[in-house]
Amino acid sequence: MRDSEHLCGLFGGTFDPFHYGHLTPVKAVFRAAALARVIYIPAAVPPHRPQPSAGAADRLAMTRIGLAGEADFEVDDIELKRPGQSYTLDTLQDLRRQNPRQRYALLVGLDVLIGLETWHRWEELQRSVHIIAISRPGWRAPQPLPAWWRAARVESSAGLRHAQTGKILVAETAPVAISATRVRARIRAEGDPGDWVPPGVRDYICKHNLYAG
């Protein structure tokens, strides 16, 4: 099958630290949407959230460790190598220059999709890529849906495959009530992230004394 017939998932975040909430729902979407692969993209300077607690090198290392053994998932440090704020549209354009035939689906939490209108050049971004929104505990799609969302909405992954770009799918996945904020708080309180992160990530955090202060 040619690259143009595949859908490649893009999943960005600070991964501060990488935890199972970054992995389990994405694996479910990967299977349900029949994605060819998923690229994890650690952000350098996220525009919509506080700056990361851990440095770029540590967050990149934890993401790579967390995905070890996941043959269909990979990590790209494209945003960490680019100066300035980590705008998703810039990243998408950079990836397209590298591989013009590849088709992409942006994987985001449902809360992120709800706030899409606050993003940099959001209308151009929405038209330029498919979006798969992952359900999150405590979040529901607004009713009525905004006109741009309603016009782009599809009910299944087939709707993504039948269009080049610009479609939105809300993927229902089992909720994973883990966040990086909760992981960091647990480390500060207990000195250990426990089973909220993959074992290799836990070892890395403990070895480098991350988030303890």
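Me: Where does Y211 sit in the chain?
Reply: In this predicted model, Y211 belongs to the segment after helix 9. Its phi is near 65 degrees, a positive value in a residue other than glycine.

Me: Why is Y211 called buried or exposed?
Reply: The label "buried" needs a relative accessible area under 20%. Y211 has 10%, so Y211 counts as buried.

Me: And N209, what makes this residue buried or exposed?
Reply: N209 is also placed in the segment after helix 9 (199-208), and its phi is near 55 degrees, again positive in a residue other than glycine. Exposed means over 50%; N209 has 56% relative accessibility, so N209 counts as exposed.

Me: Happy with that. Now the prolines: what is the peptide bond from D16 to P17, cis or trans?
Reply: That bond is cis, with omega near 5 degrees. P17 is found in the loop between strand 1 (7-13) and helix 1 (24-32).

Me: What is omega for the bond that joins Q143 and P144?
Reply: Omega is about 0 degrees there, and the bond is cis. P144 lies in the loop between strand 5 (130-134) and helix 6 (147-152).

Me: D16 caught my eye. What makes R184 and D16 a salt bridge?
Reply: The rule asks for a side-chain nitrogen of Lys or Arg within 4 Å of a carboxyl oxygen of Asp or Glu. For R184 and D16 the closest N and O atoms are 3.7 Å apart, and the pair forms a salt bridge. This one links distant parts of the chain: R184 is in helix 8 (residues 180-190), D16 is in the loop between strand 1 and helix 1, and they are 168 residues apart. Both R184 and D16 are buried.

Me: How do you know that E74 and R37 meet in a salt bridge?
Reply: Good one to check against the cut-off. The limit is 4 Å, and the N to O distance between the side chains of E74 and R37 is 3.1 Å. Here too the pair links distant parts of the chain, with E74 in strand 3 and R37 in strand 2, 37 residues apart.

Me: Why is E74 called partly exposed?
Reply: Partly exposed covers what falls between buried, under 20%, and exposed, over 50%. E74 has 34% relative accessibility, so it counts as partly exposed. R37, at 25%, therefore counts as partly exposed as well.

Me: What about R202 and D192, what distance goes with their salt bridge?
Reply: It is 2.5 Å, N to O, against the limit of 4 Å. R202 is in helix 9, while D192 is in the loop between helix 8 and helix 9, ten residues apart. R202 is partly exposed, with a relative accessible area of 31%, whereas D192 is buried at 18%.

Me: Which residues are joined into one network by salt bridges that share partners?
Reply: Those are R82, D94 and R97. By the same 4 Å rule, the count comes to twelve salt bridges.

Me: Last topic, helix 2. Which of its residues are buried?
Reply: In helix 2 (residues 56-66), the buried ones are R59, L60, M62, T63 and G66.

Me: How do you know that they are on the same side of helix 2?
Reply: They cover an arc of only 165 degrees around the axis, which puts them on the same side of helix 2. As background, an α-helix has 3.6 residues a turn, so residues three or four places apart point the same way.

Me: And what covers the buried residues of helix 2?
Reply: The cover includes strand 2 (37-42), strand 3 (73-75) and helix 9.

Definitions and conventions. Residues numbered from 1 in each chain as written. Predicted model: local features only at pLDDT ≥ 70, side-chain atom pairs only at ≥ 80, totals over all residues. Heavy atoms only, no water. Helix = DSSP H or I, 4+ residues; strand = E, 2+ residues; numbered from the N terminus. Buried < 20%, exposed > 50% of the residue type's maximum accessible area, 1.4 Å probe, protein only. Arc of directions from axis to C-beta. Contact = heavy atoms within 4.5 Å.
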